[in-house]
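Ready to get to know a new structure by working through it? Grab the viewer and try each exercise before you read its solution.

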Amino acid sequence: MLFLRLASCLAFFISLRLINCLPNGAPISTCSTLQPVHSNIPPEASQSLFRIEPQAKIVGQGQILRIEIPSSIPQLSFKGFIIHARTPNGRVVGRFASSADGLVKLIDCSGVQNTATHANTSPKVDFGLDWQAPSDYLGDIIFNSTVAQDYDKFWVGETSEIVKIVERDQVIPSGISTTRRPIEVTTPNFVRSTSGLKNNDDFIYDGCGDTKTCFGSPDNCVATKSCQTFSAVIVKGDRYIIEMRSTKSAAYVALGLSDDEKMGKDSVVECVNESGSVKAYTSWTIVSNGKFDAPRTGIPQNSIRLIEGRLENGMIYCQVERQPVTIINGIKFDLTKQNYFLLLASGSGIRPASVDYHDIVRLSSREALKLSEVTNVEGRSTLLLRLHGAFMITAWIGTASIGILLARYFKQTWVGSSLCGKDIWFAWHRICMILTWALTLAAFVIIFVEIKGWSSVDNPHAILGTITTVICFFQPIGAFFRPHPGSKKRPLFNWTHWLGGNLAHILAIVTIFFAVKLGKAELPEWMDFILVAYVVFHVIVHFIYSISGCVSEGKGTRVTSFPMTDISQSRSQMIASAKQDAVVR
Ligand SMILES: *[C@@H]1O[C@H](CO)[C@@H](O)[C@H](O)[C@H]1NC(C)=O
Ligand SMILES: *[C@@H]1O[C@H](CO)[C@@H](O)[C@H](O)[C@H]1NC(C)=O
């Protein structure tokens with residue numbers, strides 16, 4: 001078996017050697033048919049597993065153009081090939097450069113060195129050739145080829161997309177092309193093969209950090225090949241191709257380019273499942289009144305082109321080519337020169353002319369990167385942000401509320417037992433408030449570490465939060481130095497302590513409301529309803545306790561060991577409980 005294989009390789013090798021050994025002017029038959037010589041094995045009828053990819057669509061006379069021959073199956077190699085460029089009349093033009101690695105042989109098809117073939121049958125992966133455009137021809141050309149995966153498996157007549165040869169001074173050197181050059185929206189005259197990819201979900205990770213810049217969520221998922229939402233930027237010459245995929249029944253997946261890690265004034269490419277077929281759009285993010293939107297209206301859609309889009313096993317997959325330089329709403333996006341943060345998003349809903357809330361994934365890259373260079377991208381960790389939120393909510397919706405309720409309604413009724421020599425209500429009040437204090441200060445420090453300074457966002461959250469934290473900071477210090485119950489200054493302390501605590505609590509709740517409006521917090525709008533529900537609940541609890549307090553006082557059943565004469569002589573029933581203070585030894 002092995003022998004047969006070797007023999008067949010050898011035969012192929014010899015057959016192509018035959019061409020190579022032919023003197024100037026290979027037989028016209030080979031040049032026009034591109035068939036391996038003397039082969040009576042028919043070519044494959046299926047779509048070729050290899051593509052012919054010139055790295056630019058426009059090239060100046062006499063300039064060098066790189067042609068790559070990638071496979072649709074990663075790491076699949078081929079052994080032999082013949083390739084040349086033809087004009088629409090079938091004339092073979094241009095000239096190939098001989099390669100230093102000795103893999104390429106040049107032959108003549110009514111011209112000099114205008115056709116390239118393999119020099120040996122070693123397996124070729126990531127293979128490319130340099131071709132020099134003719135100086136005596138202007139207009140379209142197409143590369144036509146035969147690629148042989150093996151002696152008995154080859155595809156004849158596989159062509160590239162059209163390449164335009166223009167006068168040299170009309171060409172913008174590769175890599176700094178501008179919007180003057182629109183990407184042709186005509187579909188190529190051949191269909192790319194997608195067979196072989198279908199049962200292999202992992203193909204998308206091949207080449208990450210090597211030939212493409214990959215970015216996915218959750219963190220570290222590229223390394224473990226387990227991304228829920230994945231994106232990659234592939235640069236081929238001056239072509240920028242964005243590849244995206246999202247699992248979990250996403251209706252869309254989108255990649256934005258941003259000059260900061262936040263939404264707003266970003267250029268987005270999105271692939272959308274529109275009733276079962278994949279469409280690509282470009283959109284523009286705006287933030288107004290804390291609300292995000294990414295409309296497509298007014299954004300020129302011709303700066304992108306969908307190369308490939310599929311819906312498979314609940315996944316949306318697409319490849320979109322994006323112009324290297326675009327000007328959107330007066331802002332220039334130059335992928336070749338500028339650094340951008342990547343914003344990756346996916347979600348389950350779409351609206352008529354935009355995508356809906358990013359309910360599946362929303363991640364920005366840790367740093368801005370130059371897309372023309374392949375790198376490994378990490379997502380920005382939201383751990384500190386989450387801790388800040390969790391601590392503040394625990395402190396102010398949890399412990400502070402309980403502590404205030406205890407101090408207000410239980411100081412007369414919960415004195416019987418004692419903890420460490422204090423009335424039990426006081427012991428618990430103190431525990432709750434120490435927790436509130438510690439959590440608040442921790443969350444305060446955390447957010448400054450995360451943001452590295454003062455928030456630049458136009459939202460009162462930061463200023464209100466700071467005031468709350470300052471009041472909160474002094475509350476226990478004041479309590480520690482409180483005057484003895486008998487002293488004259490005691491009422492003053494009671495009042496300040498009560499006022500400070502309640503003010504901080506109210507401010508904290510308002511601050512949390514403003515957090516919902518902060519883009520960075522990534523809180524959904526319905527958080528508002530939860531907060532409103534909490535406030536209503538809190539008010540009702542106060543109300544019930546106040547009523548029951550009045551009622552029990554009226555009946556004279558209240559267990560009041562210490563009438564609160566130390567606060568004020570003129571006791572108002574309604575706020576009595578607020579002013580009262582049990583004796584704390
Ligand atoms: C490519 O070459 C094959 C074989 O000569 C030919 O049949 C086919 O028409 C060519 N394709 C183009 C677009 O020139
Ligand atoms: C795409 O949308 C269609 C209809 O809108 C739906 O039936 C289909 O399941 C969706 N596919 C994926 C992969 O989300």
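Below are four exercises on this predicted model, each with a worked solution.

**Exercise 1. Work out the strand order of the open four-stranded sheet, and find its edge strands.**

Step 1: Walk across the sheet from one side, and you get the order S1-S3-S9-S6, with antiparallel pairing.
Step 2: Look for strands that pair on one side only; these are S1 (53-54) and S6 (95-96), so they are the edge strands.
Step 3: Now zoom in on S3 (residues 64-69) and S9 (residues 127-132), which run antiparallel and are joined by six bridges.
Step 4: To get your bearings in that pair, find Ile69, which sits opposite Phe127 in S9.

**Exercise 2. Describe the surroundings of ligand 1.**

Step 1: List the neighbours, taking residues with a heavy atom within 4 Å. They are Ser32, Thr33, Leu34, Arg86, Asn144, Gly157 and Thr159.
Step 2: Sort them by type: one is nonpolar, five are polar and one is charged.
Step 3: Check the polar contacts. A side-chain N or O atom of Asn144 is 2.2 Å from an oxygen atom of the ligand, and a polar side-chain atom of Arg86 lies 3.4 Å from a ligand oxygen.
Step 4: Ask how much is covered: on its own, ligand 1 has 360 Å² of accessible area, and the protein covers 56% of that.
Step 5: See which elements give two or more residues to this shell: helix H2 (28-33) and strand S11 (153-159).

**Exercise 3. Do the same for ligand 2: which residues are around it, and how many of them are charged?**

Step 1: The residues around ligand 2 are Ala250, Asn273, Ser275, Gly276, Leu311, Gly314 and Met315.
Step 2: Sorting this shell gives three nonpolar residues, four polar ones and no charged ones.
Step 3: For polar contacts, start with the side chain of Asn273, where an N or O atom is 2.5 Å from an oxygen atom of ligand 2. Then turn to Gly276, which has a polar backbone atom 3.5 Å from a ligand oxygen.
Step 4: As for cover, the protein takes up 50% of the 360 Å² of accessible area that ligand 2 has on its own.

**Exercise 4. Which residues make up the nonpolar surface patch of about 640 Å²?**

Step 1: Pick out the members on the surface: Val470, Phe473, Phe474, Ile477, Phe480 and Phe481.
Step 2: Place one of them in the fold: Phe474 belongs to helix H6, which covers residues 461-480.

Definitions and conventions. Residues numbered from 1 in each chain as written. Chains lettered and ligands numbered in written order. Predicted model: local features only at pLDDT ≥ 70, side-chain atom pairs only at ≥ 80, totals over all residues. Heavy atoms only, no water. Pairing = 2+ DSSP bridges. Polar contact = N/O pair within 3.5 Å; in protein donor to acceptor, adjacent residues only side chain to side chain. Areas by Shrake-Rupley, 256 points an atom, 1.4 Å probe, with all protein chains shown as cover. Nonpolar A, V, L, I, M, F, W, Y, C, P; charged D, E, K, R; others polar. Patch = residues over 30% accessible without salt bridge, like charges linked within 9 Å, V, L, I, M, F, W, Y side chains within 5 Å. Salt bridge = Lys/Arg side-chain N within 4 Å of Asp/Glu carboxyl O.
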